[in-house]
Each structure stands twice: as structure tokens, then as C-alpha cells.
Amino acid sequence: MLTVESLTLPALREAFAADGYVCGDEIIVPVYVSIALGKPLLVEGQPGVGKTEIAKVLSRVFDAPLVRLQCYEGLDENKALYEWNYQKQLLRIQAWGAGAGRPRDGEAGVGSGSSGRSGDLDGAPGPTAVPAVSDLEAEVFSEEFLLERPLLRALRSRRRAVLLIDEIDRTDDEFEAFLFEILSEFQVTIPELGTVVARHTPMVVLTSNRSRELSDALKRRCLLLYIDFPDAEKELRILRNKVPGLREELARQVVLAVRQVRANERVRKKPSVAESIDWARTLVALNWTELDGEALARTLNVILKHKDDLELYADPAEADALRLAAHGEPPAP
Amino acid sequence: MTGHGRAFGAGPAGSRAVPLIAGRGFEGSLVAFASLLRHLGVGVSTAEVMDAVAALRVVGLSDRAQVKTALQAVLVKDLSDVPLYSALFDAFFVPPEERRRQIARHAQRAAAAREGSDRAAQDLRLGDRPLSLEERHRRTYAGLSEEERQRIRRFLDRAAEDGRRQPSLEAIVDRVVRRYLEDRSPLSAGRPHREPVPLGDESLDACLSEACLTLAEKEEGLRFVDLESVDEAQLPQVEALIRRLSRRLATMLSRRYRLSRRRPAIDIRRTIRKNIGTGGVPFRLSHRSKKVRKPRLLLVNDVSGSMARYAAFVTMFLYGLTGPAGRVEVFIFSEDLERVTDRLTSGSGFRETMRWLMGGTRQWGRGTNLGQALRTLFRDHEELLTPSTVVLVLSDTKTLAVDEAVGRLAEAGSRVRDILWLNPVPAAEWERVPTVAAFRGVARMYECSTVQHLERILHEVMLRGTPGGPLRG
């Protein structure tokens with residue numbers, strides 16, 4: 001098992017290979033440097049080239065818990081960092097009210113607001129309730145009532161965690177700003193509890209599909225790794241790794257066909273590595289042994305996700321060019 | 001640091017090892033490298049340089065490919081800078097003997113340039129009297145095609161004959177030639193790339209110049225080639241590049257994209273739904289977010305002299321971005337303004353766009369008057385100046401009626417979302433052009449002479465709404 005403290009580049013390379021993640025130094029070196037420097041790694045690339053997978057592999061090879069924060073528009077601190085368990089707090093307050101023998105309408109007023117008036121202001125608390133209320137306040141804002149969200153969980157993890165912040169480009173600018181404070185200090189302040197400092201600096205992987213330009217401040221705090229489509233040889237190795245039962249010849253044909261589609265300027269959505277894996281799996285499941293015209297016609301929708309692209313390859317000339325490319329032959333003149 | 005001395009300073013001297021700059025050491029070399037990157041427009045912060053030092057401490061210097069990858073991860077945060085970084089890395093981390101060769105080659109190129117300038121000084125005379133020109137004019141002359149140089153010489157010969165009869169012509173001849181050369185400066189044809197502004201350090205300058213040369217030769221380097229100097233052979237590649245980049249940017253735009261800034265208006269339905277868990281008590285408010293509308297682009301192209309070529313490239317890029325039904329309006333101006341939006345279609349190549357831009361226009365080959373052009377814009381197309389409009393002015397700022405133009409631009413600025421000025425003159429030379437300062441007061445000015453510049457600017461405009469902070473490059 002790898003440890004961050006004794007990590008070396010060859011060891012990391014070997015661990016990634018053993019885990020079945022096929023890549024070269026262009027990926028391993030930035031990953032290694034980011035871990036060694038304790039800096040977040042921002043991974044960019046087309047969808048489906050294995051960006052998220054890096055965090056998963058790291059979690060496996062370091063035997064570290066994977067904490068994932070899926071970003072979306074409108075994501076805020078409550079969902080990302082921490083939240084107070086309101087329902088539980090309310091129950092505790094009600095239980096306290098019942099125990100202290102307070103009048104029932106006073107209880108309903110605490111916090112729920114449904115009666116439209118506040119019990120604290122309007123109701124007359126008993127003379128002995130004042131110190132108990134401050135106790136209660138301290139209690140309901142204790143750790144027991146704290147809901148850890150991914151960022152806090154990664155900071156407080158007993159073991160070094162891998163924190164995956166997926167699709168950071170989907171969040172708002174404000175959240176991005178909030179995030180880079182955490183990412184550079186690895187600590188966060190909760191007003192009621194104090195400052196939480198990371199027990200172990202988590203390994204942070206951020207992914208982005210570049211649908212929005214990230215701020216320079218965030219980029220500056222991260223190392224940038226761009227993952228491109230793999231070359232034919234690497235993609236072949238990936239297929240061999242990921243698709244059991246795939247015959248060598250068919251694997252080769254899939255790789256060549258996918259590369260032809262990617263190289264076609266008229267294709268709108270280029271098939272990703274994930275899609276070529278799906279395609280190979282489909283072919284295996286359907287017992288195709290060769291990528292002939294019929295196999296192509298029946299399964300091409302696994303890699304082509306756009307109507308225009310499907311129509312493009314419905315054209316016999318394009319389909320034939322693809323079939324020839326899959327068999328490593330130059331297209332007919 | 002001492003602990004690393006053995007591992008990094010001396011390192012295995014194999015062919016894959018990375019040589020440092022003599023006398024600068026490990027950190028000094030990195031600092032110099034970062035300063036060169038900055039010089040070429042890649043924003044590198046001090047914190048990133050420190051990270052680079054730390055990164056090399058863990059990676060070592062023994063494997064060139066690893067060092068290159070590690071430094072790239074730390075120093076280059078914009079993918080489009082990667083070719084530039086790569087060329088600079090290859091030119092920078094070289095053994096001393098190669099550095100000496102670089103310096104020699106650089107000196108040779110400089111000598112050739114000087115020779116051209118000397119010849120220009122000889123050619124550019126009115127009879128026996130040298131014209132009153134600056135060095136940059138002579139450089140421009142040296143970069144012109146032989147045909148154009150001949151044209152100027154013939155003009156001077158004729159003027160010399162006339163001048164003998166009418167001495168008062170002399171001053172006019174000076175002005176005409178100067179203006180002619182300025183129209184072409186610094187966009188001289190036939191120059192494969194724009195020489196970077198020298199730093200004054202022989203070895204670093206040689207390295208810079210070498211990197212820029214390599215870059216210009218590579219296909220990916222086309223991004224960094226001055227659009228004015230794109231030749232026939234490169235044209236199809238540049239067209240394909242523009243098409244690819246603009247389509248990529250268009251794909252990003254087509255994603256659902258909403259304004260991220262919170263709006264004061266509360267969205268009741270969402271608020272209640274969000275607070276069901278708290279019995280409907282609105283603990284967390286949801287605010288209405290407004291869908292971002294892509295800005296309407298209004299492109300005002302200067303088509304006088306050498307500007308027409310830039311205009312065609314920029315127009316191609318915009319059309320690739322917005323599609324035929326896109327919200328883009330294209331105007332050209334020289335002496336006056338003309339709307340050409342209806343003549344254009346998307347997906348056209350350079351020549352077609354050029355034809356559309358210039359075909360049937362009365363503006364070809366005339367003087368430049370932005371003031372008059374803006375007056376016409378206000379008079380005839382006032383409805384286009386809305387708060388969602390971003391005005392892009394493409395011009396080298398050389399115009400008549402500067403004061404009027406500045407005033408009108410300021411007026412337009414109060415009515416539109418933003419005014420961006422795309423200036424093909426390199427930023428380093430802006431100081432020397434007085435009109436630049438005047439226009440910078442009323443528009444954000446960006447250097448825009450390459451596909452790379454263009455892509456960056458539009459990326460910012462379209463994906464961020466308005467460019468935030470200074471653009472690099």
C-alpha cells in the first residue's frame with residue numbers, strides 16, 4: 001500500500017498500472033507532483049477521458065476514503081461544507097420543553113415559527129429556565145447536531161482522504177471563491193464551533209469540462225493536468241483492461257473505428273474513452289466477433305450520441321469508410 | 001537546499017537530463033524561465049514559480065520529459081499556452097554549446113535586419129536628402145515585398161523630379177511615405193513571425209527569438225502567427241484552426257448557462273420547496289436567477305490599408321461562433337461606416353469573407369475616419385446600442401478626427417455593456433502611438449493580432465459576460 005510520506009514516482013506509476021489505469025508520464029508526473037507538494041490537482045479534458053477515475057484510483061492505491069463533492073449550479077456552503085441538523089435540533093428543543101414542563105404553546109413557538117409568533121418573546125419562560133436555555137443552545141450547536149458535508153468530512157477524516165470535487169465548472173463564481181480559501185488553508189471556521197483544521201491534508205482532485213472559464217485565482221492554487229484522448233496503443237490497453245472477454249482483433253477494430261470517428265471533422269460529439277469501452281462491452285455482450293457493416297449499423301449508437309452524427313454515418317459512403325478504417329484499410333478513392 | 005544540491009545541481013549528465021543556465025543555478029534558471037514566459041504573455045505568479053522550484057525538487061532534473069511535464073502542470077494554467085510553453089522550454093533548457101549556437105543565429109538574424117534597414121535608409125531618399133523617418137519605418141520598408149518597395153522608389157524618383165521644380169513638395173513627400181509605411185507597420189508582409197521585444201540579455205533574447213521561430217514553424221504555432229503575415233500556404237490551416245476554435249467555443253456557449261450572481265428577487269416556489277424539511281420556515285432563501293443572454297456583438301472593422309485582412313479573420317471567427325442566425329452585426333469603416341451584416345454567411349473561408357467585406361464597398365483604399373463612422377452609427381443604427389451589446393472595434397487607432405471619435409465612443413460606452421478595442425499593434429508599441437492612449441480612456445484595449453489573442457478575448461466576452469481583469473497576451 002502506498003503512503004504519501006514515502007511516495008516515489010516509480011511506485012506511483014506501478015500502482016496506477018496495477019490498478020488498471022493505463023497512462024503515461026504525462027499523467028503520472030502531475031499527479032505525483034500534486035501529492036508531493038500537497039497541492040490540488042485540476043484535471044481538464046473532454047468528458048469521458050478518465051478525469052474522475054484519477055481520484056478513484058488514488059483512493060484505491062492509497063487505501064484512502066474517497067469523498068466526492070458533485071458540483072452543480074446553486075451549490076452552496078450548506079451542501080458542500082456543513083449544515084446544522086435542524087430537525088434533530090427541533091426535536092431536542094421540544095423534548096427539553098416537555099421535560100421542563102413548559103406550556104405547550106411556548107414549545108411550538110421555539111424555532112418553528114408556524115404559529116406566526118415567537119415563544120421566546122411572547123411566552124413567559126419560567127424563572128429557572130434561563131440558565132437551562134443557554135445550556136440547551138450550547139448543546140444543539142454541538143457536534144452531535146452537525147451534519148458534515150463532503151468538504152468538512154474530507155478535512156476531519158481520520159485517515160488522509162481523497163477529495164474529489166467533480167465538475168467544478170458547474171458552480172457559481174461565489175462558490176469557487178469560497179472553495180479556494182479552503183483549498184489553500186485546508187481549514188474552515190464554523191462560528192458556533194471554532195476553526196476546524198485538517199487532520200491530514202487531503203489529496204484534492206478537481207475536474208472541469210471547461211464549460212466555463214475558472215478564475216485565475218483558483219487555477220493558480222492548483223496544478224493543471226489536461227487529459228487528451230489516448231493514442232491508439234494506450235486505448236487498446238485500456239480496452240484490454242476494462243473489457244474482459246474482448247478478442248484482440250475486435251479490440252483493434254474498435255480502437256481504429258473510434259479514432260476514425262474522432263478524426264472526422266463533421267462529427268459533433270466525439271466519442272470518449274468511456275464510450276469506446278461501452279461499445280466494446282456491447283459488442284462482446286452481443287457476441288459480435290468482427291466489426292463488419294452490420295455490427296456497425298446496429299451498435300454505432302453506443303458511441304454516437306448526437307442525431308446529426310447518427311445521420312452522418314447512416315450515409316453508406318461514411319459507413320463504408322468507417323468499416324474500412326476499422327479494418328486498418330485506407331478509404332476507397 | 002544543500003540536500004538537493006547533489007541531486008539537482010550536478011545530476012546525471014545523460015542526454016535526457018535538463019541543463020541549467022550557467023551561473024544562474026537551479027532557482028535562478030527557473031526564475032529566468034518564468035520571466036520569459038511572462039514576457040511572451042503567459043501569466044505566471046511568484047507563487048507558481050515557488051511551486052515550480054518545489055516541483056523540480058521532487059521530480060529531479062534527470063529526465064527531460066518529466067521535468068517538462070511537471071513544470072507545465074505548475075506554470076501553465078491555460079491550455080492554449082501549451083505550444084508556447086513547449087517551444088520555450090525546448091529553447092531554454094539547452095546545453096551551453098547549443099546556447100552559443102542560438103546566440104550566433106540570433107546575431108545573424110539581427111545583422112540581416114540591420115542590413116535591410118541600412119538598405120532602406122539608402123532607398124528612402126528624395127534626391128540626395130534622406131527622408132525624415134524613424135527606424136521602425138525603415139524596418140517596415142525592409143519587410144515589404146520587392147514590388148511594393150519598387151512602387152515607393154518610383155514614387156520617390158518622380159517626386160524628386162517634381163521637387164526640383166517645386167521645393168515645397170518635399171515635406172508632403174515625407175508625410176506621404178511615412179503614412180504609407182505606417183499603414184503597413186508593424187504588420188509587414190513576408191515576415192514569418194513577429195520578433196519578440198528584446199530583453200537586453202543576449203542569451204535570453206536569443207532563446208526567445210528561437211522559441212518564437214520554432215513556434216511559427218509548427219502547425220499549432222499558427223495560433224501565434226500574426227494574421228497579417230499569414231501566407232497563401234498557411235491560409236487553409238488558419239481557416240481550419242479558426243473554424244475549430246470558434247466551433248469549440250460555440251459548443252461551450254450552447255450549454256445551459258445562467259447568471260451566477262444572486263439576484264435580490266426571491267423565488268417563492270423554490271424557497272418553499274427547499275425548506276420543506278424545516279416545515280416551510282424559510283431558513284434558506286432561493287433567489288431568482290436570470291438566464292444569461294449571450295451578448296449581442298457589434299463588430300466595427302477598420303478596413304483601411306492592411307487592417308482589412310484582420311477584419312476578415314475576426315469576422316470569420318465571430319461568424320463561426322454565432323452561426324448565421326447569431327446576434328452579431330458587422331460594420332466596416334474607412335472614411336465612413338457601412339453595414340455588411342447581410343452580405344455575410346457563416347462557414348465561409350477567408351477569401352469569400354474578404355470579398356463580402358470589401359465587395360461593392362466604397363471604403364476601399366480610403367483614409368480612416370472613426371469619428372465620422374461613429375457619427376453614422378449613431379444616426380442610422382442607434383437601435384443596436386443596447387445594454388446587452390458588446391461593441392468590438394477592430395482598428396490600429398490611426399484615424400482622423402480623434403477627439404470626435406473618443407467623444408462618440410464614450411457616449412456609446414454609456415449605452416452598451418462594454419466596448420472592447422482589438423488592436424493589432426503589439427502592446428509593447430502602444431506607448432509610441434499617441435492615439436492609443438486617447439482611446440484607452442474610453443474602451444478596454446486588447447492586443448489582437450493572432451488567432452490566440454482573438455480566441456482569448458472572445459472566450460472572455462462570451463463565457464464571462466465581460467472580460468474580468470486584464471487579459472493576458
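Start by selecting Asp320(A) and Arg323(A): both sit in helix α17 (residues 316-326) of chain A, three residues apart, about one turn of the helix. Keep in mind as you go that this is a predicted model. Show the side chains of this pair and you'll find a salt bridge, with the closest N and O atoms 3.0 Å apart. Is Asp320(A) buried, partly exposed or exposed? Asp320(A) counts as partly exposed, because its relative accessibility is 33%. Its partner Arg323(A) is partly exposed too, at 29% relative accessibility.

**A network in chain B**

Now hop over to chain B. Select Glu98(B), Arg101(B), Arg105(B), Arg109(B) and Glu210(B) together: salt bridges that share partners tie these residues into one network. Over all chains, the count of salt bridges comes to 44.

**Back to chain A for two more pairs**

Next, pick helix α13 (residues 248-263) of chain A and color Glu248(A) and Arg252(A). These two residues are four apart in the helix, so about one helical turn separates them. They form a salt bridge, and the closest N and O atoms are 3.4 Å apart. How exposed are the two ends? Glu248(A) is partly exposed at 35% relative accessibility, and Arg252(A) is partly exposed at 38%.

Then select Glu167(A) and Arg170(A). Their side chains meet in a salt bridge, at 2.3 Å from N to O. Turn on the surface here and look at each partner separately. Glu167(A) has a relative accessible area of 19%, so it counts as buried, the cut-off being under 20%. Arg170(A), on the other hand, is partly exposed, with a relative accessible area of 40%.

**Where the chains meet**

Zoom out and give each chain its own color. How many residues does each chain bring to the contact? Chain B brings 36 residues and chain A brings 40. The size of an interface is often given as the accessible area lost when the parts come together. Here, chain B and chain A bury about 3,300 Å² between them, with 53% of it on carbon and sulfur atoms.

Which charged side chains reach across? The interface of chain B and chain A has one salt bridge. To see it, select Lys39(A) and Asp51(B), whose side chains meet at 2.9 Å, N to O. If you switch on polar contacts as well, look for five residue pairs across the interface, both residues of each pair having pLDDT of 80 or more.

Now hide chain A for a moment and look at the side of chain B that touches it. Four helices of chain B each supply at least two residues of this side: α3 (46-59), α4 (64-75), α11 (235-254) and α18 (451-464). Which helix gives the largest share? Select α3(B): it provides six residues, the largest share of this side. Color the touching residues by type and they split into 14 nonpolar, seven polar and 15 charged.

**A stop in a loop**

With α3 and α4 of chain B still in view, click on the loop between them and find Ser62(B). Ser62(B) is partly exposed, because its relative accessibility is 36%. Now add Ala17(B) to the selection. Along the chain, Ser62(B) and Ala17(B) are 45 residues apart, yet their C-alpha atoms are separated by 4.2 Å.

**The big picture, chain by chain**

Finish with cartoon view. Show chain B alone and try counting its 18 helices and eight strands. Chain B has 473 residues, and buried residues make up 52% of them. It exposes about 21,700 Å², with carbon and sulfur atoms supplying 52% of that area. Take the contacts in chain B between residues at least 6 apart in sequence: 71% of these join residues at least 24 apart.

Swap to chain A and count again: there are 17 helices and nine strands. Of the 333 residues in chain A, 49% count as buried. Its accessible surface comes to about 15,600 Å², and 51% of this belongs to carbon and sulfur atoms. Among contacts in chain A between residues at least 6 apart in sequence, 74% join residues at least 24 apart.

Methods: Residues are numbered from 1 along each chain as its sequence is written. Chains are lettered from A and ligands numbered from 1 in the order in which they are written. This is a predicted model: local features need pLDDT of at least 70, side-chain atom pairs count only at pLDDT 80 or more; totals for chains, interfaces and linings use all residues. Side-chain values use heavy atoms; hydrogens and water are left out. A salt bridge is a side-chain nitrogen of Lys or Arg within 4 Å of a carboxyl oxygen of Asp or Glu. Buried means under 20% relative accessible area, exposed over 50%, partly exposed in between (1.4 Å probe, protein chains only). Contact means heavy atoms within 4.5 Å. Buried area is the accessible area (1.4 Å probe) that two parts lose on being put together, summed over both. A polar contact is a pair of N or O atoms within 3.5 Å; within protein, one must be able to donate a hydrogen and the other to accept it, and residues adjacent in sequence count only if both atoms are side-chain atoms. Ala, Val, Leu, Ile, Met, Phe, Trp, Tyr, Cys and Pro count as nonpolar, Asp, Glu, Lys and Arg as charged, and the others, Gly among them, as polar. Accessible areas come from the Shrake-Rupley method with a 1.4 Å probe; for residues, only the protein chains shown count as cover.
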